[in-house]
Amino acid sequence: MLAWRLRTGNLSKREPELRAKHVSAFFEYRLINHMRLEEELLFPACRAVLGVEASLIDVLLSDHRELRAKAAAIKAGAHDQVDSFCVLLERHIRTEERQLFVLAEDRMKPTDMAELGRQIKALLRREPTDSEILQH
């Protein structure tokens, strides 16, 4: 939703500094933890069942690295990176939804899927440690 609002919605015509602040806030308060959850739980579980399609995980991890780099640049003042950040984020989400999740649902055992869901919920409920907070 944020990417759409920044590219075509009500934030698309706003000042570059305001658009950059929205990206930075979203990244720091939502996306960092979301990507960590994917990297620690979701991607390893999916990689285990994907077989030859496991290279999809490498693409998604590359997206994460690029999103982090773009977010850091935006926070440092590269406001011209907002649109490319949004394009990458939208593409990343579509790849997860249309490819990764479809393959995982097809290949993962229901019991393994349920256990992954429990692990994700537990991680979401857990308070971050001081060292995790300082990393970001």
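This is a guided tour of the structure above, centred on helix H2 and the helices beside it.

The model is predicted: local features require pLDDT of at least 70, side-chain atom pairs count only at pLDDT 80 or more, and totals for chains, interfaces and linings use all residues. Residues are numbered from 1 along each chain as its sequence is written, and side-chain values use heavy atoms, with hydrogens and water left out.

**The whole chain**

Begin with the full chain, which has 6 helices and 0 strands; helices (H or I, at least four residues) and strands (E, at least two) are DSSP runs, numbered from the N terminus. From the N terminus on, the order of elements is α-α-α-α-α-α. Of the 136 residues in the chain, 35% are buried, where buried means under 20% relative accessible area, exposed over 50%, and partly exposed in between (1.4 Å probe, protein chains only).

**Helix H2, from start to end**

Select residues 16-50, helix H2. Pro-16 lies in this helix. Pro-16 has 42% relative accessibility and therefore counts as partly exposed. Add Gly-77 to the selection: Pro-16 and Gly-77 are 61 residues apart in sequence, yet 9.7 Å apart in space, C-alpha to C-alpha.

Next, centre the view on Phe-27, where H2 has a kink of about 45 degrees; the bend at a residue is the angle between axes fitted to the seven residues ending there and the seven starting there. The end C-alpha atoms of H2 are only 41 Å apart, whereas a straight helix of 35 residues would span 51 Å at 1.5 Å a residue (the expected span is 1.5 Å times one less than the number of residues). Gly-51 follows H2 and has a positive phi, near 65 degrees.

**H2 beside H3**

Now show residues 55-75, helix H3. The axes of H2 and H3 come within 10 Å and cross at roughly 165 degrees; axes are lines fitted to C-alpha atoms, for helices over the stretch in contact, and angles run from 0 to 180 degrees between N-to-C directions. H2 and H3 are therefore roughly antiparallel (angles over 145 degrees; under 35 is roughly parallel, 65 to 115 roughly perpendicular, and the rest oblique). Their crossing is left-handed, that is, the near helix is turned anticlockwise from the far one by less than a right angle.

**H2 beside H4**

Finally, select residues 82-107, helix H4. H2 and H4 pack at about 25 degrees, with their axes 12 Å apart. That makes H2 roughly parallel to H4. The crossing of H2 and H4 is left-handed. Residues of this contact comprise 17 nonpolar, 2 polar and 5 charged; Ala, Val, Leu, Ile, Met, Phe, Trp, Tyr, Cys and Pro count as nonpolar, Asp, Glu, Lys and Arg as charged, and the others, Gly among them, as polar.
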